[in-house]
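Q: Could you take a close look at one part of this model for me? I would like to know how the helices pack against one another, and how the copies relate.

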Protein chains: 2
Amino acid sequence: MRRSKNRSIKESPLFWPVHWKGDVLSVLDETLIPRRLNYIKVHTTAEAVKVIRDMKTRAFGQFLVVLNTFLLEINRHKGSEQNLVKKLEKTARALNNSRPTFPFAEVTSIVVGWARKAADDQLNVRESLIKNINGYLQGIRFRRLERVKKIASLIKNRDSILTHCNVSGELAMAARICQEEGKDIHFFATETRPYFQGSKLTAWELGRMGASVTLIADNAVASVMADGLVNKVIVGSDRSCANGDFANKIGTYPIAVLAKEFGIPFYVLTQPSNTIPRGEDIPIEIRQEKELLTFNGRATLPFKARGFYPGFDVVPHEFITESLPIDVR
Amino acid sequence: MRRSKNRSIKESPLFWPVHWKGDVLSVLDETLIPRRLNYIKVHTTAEAVKVIRDMKTRAFGQFLVVLNTFLLEINRHKGSEQNLVKKLEKTARALNNSRPTFPFAEVTSIVVGWARKAADDQLNVRESLIKNINGYLQGIRFRRLERVKKIASLIKNRDSILTHCNVSGELAMAARICQEEGKDIHFFATETRPYFQGSKLTAWELGRMGASVTLIADNAVASVMADGLVNKVIVGSDRSCANGDFANKIGTYPIAVLAKEFGIPFYVLTQPSNTIPRGEDIPIEIRQEKELLTFNGRATLPFKARGFYPGFDVVPHEFITESLPIDVR
């Protein structure tokens, strides 16, 4: 039974985790999933920076927060057009400094560029920006839905797919399409220590979409590959380089090395970029050790231990079988 | 400052986790470490099987439990010499069936062989066995202390050593020797999900010995290797094959593959064996999924998830730089 081309794709909350409620931004609190689907109200740039820094939102959610924070500041702005440009430049700087690894500046510089150009061209900066940002968001939304279909077409009947961390709705939605097409597929999700995004987000959203998913410890990847239990890897990425290297949640690099060792194709959802030449130039965020040494807010060990928690690792491009890019520039 | 050859090595409780208290066996409850150093009283073979199956003891501790359980049954035996042989054969079968991956039969068959031979030779089975088992234990103890010194000599000044799960005291004791020799060394210990033996046992005992140790998530191994933060890997093993392949706690195989990828020497403490030809012939224990899906006894997820927890993986011999064997046969 083939799925109709025009039928809408069932959406996962993680696919588009930022919404407007009147003139306030609502950001899905991913740290409370799967216990609660709770949205945090964001009224200011400072609050936007906080939801990013506290990892309440992550990956694609950060992109949406950034663009919508500009809309927030535009809506709140009372002064002159020239002051609005200055305000948006300040907003951009604050967002750029929120976390090191995600390429915030690539997105904020686009908006600031639009603002400056509109001011130079003596257009209505506010109206021009609202139109541009909303058009940008709609374009990204369209291309992400197209990528969901591409992922679904990549997945064949009887495939068993390993994934890591969380691919912000796209993989779960592709799984749904596969299911509607009658494909018999299975997923292995790594837990993704220390935040368990694989358990809390990926297993949750795949299950919600009706997909069959099994959780494994991060350290069981070689075992399931050696036993022939997976035949594809699909992961997301937080940042890409000009040469194709990419950064993603810590634990992606070992999976790439193992996929090569076991001859398993390795697919990655990327946002191409030329601002950073190679992987070694990506700044890697080192998170606080307490995030590794606590569980549900409580210390896991009764003695003073030291921990090291790099938030991301960098996969050299030669490990990638195929990139599924969305150019957000 | 060189350490005197005759000076005794400070022992870790995990080095020899089984003791006698009168005529009762005391087995260190490794699941309570680091919170408490508690010993479980074992009076019977059934209780011995239970401490093994519940993973109260593991790795080398299992070996000690097995040998001492025979002493327990010999001490308790009231009947004839011939009945004692039958009783010990029954003890051997119960121990062999406790868990699949550790080679219990290789150890129990030695003891049963001694019992049968003593009976055939019309010796005093009881006295002969007590002497043989105690001699066997003393020999193993001596060779393990020798291996501790060998590990210490392998570790050079300024080394940074990655380890996984727990090496039953030997690595921590080697670290102590290195420290006394004035070597400046560091350890990275993986958490070792889902039981956190790396956090709870390894970081604890290395710290207790005064060594410098940093915990990382299992998925951060590629990252610390790529960043040049480790220059040696030292792990233990639960079972070895005739061709040199070995099984160890799940997560060892990916570390071996990554060590090769990054050109880092990979050392393993083994117990050589010829009873199994190759790694693919090792029976791998699949533990209950609840051990993956709970943390400190509580479910980690509010929805019904499926988990897959192979307790061990198998490292092909070509990944080993050097084996440090103790022949226990």
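A: Here is a walk through the helix packing in one chain, followed by the relation between the copies. Please keep in mind that this is a predicted model.

Let's start with helix 2 (residues 60–76) of chain B, which packs against helix 3 (residues 81–96) of chain B at an angle of about 150°, the axes being 10 Å apart. Since angles over 145 degrees count as roughly antiparallel, helix 2 of chain B and helix 3 of chain B are therefore roughly antiparallel to each other. Their crossing is right-handed. Helix 2 of chain B brings B:Val66, B:Thr69, B:Phe70, B:Glu73 and B:Ile74 to the contact, while helix 3 of chain B brings B:Leu84, B:Lys87, B:Leu88, B:Thr91 and B:Leu95. By class, this contact of helix 2 with helix 3 of chain B holds six nonpolar, two polar and two charged residues.

Moving on, helix 3 of chain B also packs with helix 4 (residues 104–120) of chain B, at an angle of about 175° and with the axes 9 Å apart. Helix 3 of chain B and helix 4 of chain B are therefore roughly antiparallel as well. On the helix 3 side, the contact residues include B:Val85, B:Leu88, B:Ala92 and B:Leu95, and on the helix 4 side they include B:Thr108, B:Val111, B:Val112 and B:Ala115. The contact of helix 3 with helix 4 of chain B divides into 10 nonpolar, three polar and three charged residues.

As for the copies, a turn of 180° with a shift of 0.0 Å along the axis lays chain B on chain A with an RMSD of 0.0 Å. The two copies are thus related as by a two-fold rotation axis. The same surface serves both copies, as 100% of the contact residues of chain B recur in chain A.

Key: Residues numbered from 1 in each chain as written. Chains lettered and ligands numbered in written order. Predicted model: local features only at pLDDT ≥ 70, side-chain atom pairs only at ≥ 80, totals over all residues. Least-squares fit on C-alpha atoms with pLDDT ≥ 70 in both. Contact = placed C-beta atoms within 7 Å. Axes fitted to C-alpha atoms, helices over the stretch in contact; angles between N-to-C directions. Helix = DSSP H or I, 4+ residues; strand = E, 2+ residues; numbered from the N terminus. Parallel < 35°, antiparallel > 145°, perpendicular 65-115°, else oblique. Left-handed = near helix turned anticlockwise from the far one by under 90°. Nonpolar A, V, L, I, M, F, W, Y, C, P; charged D, E, K, R; others polar.
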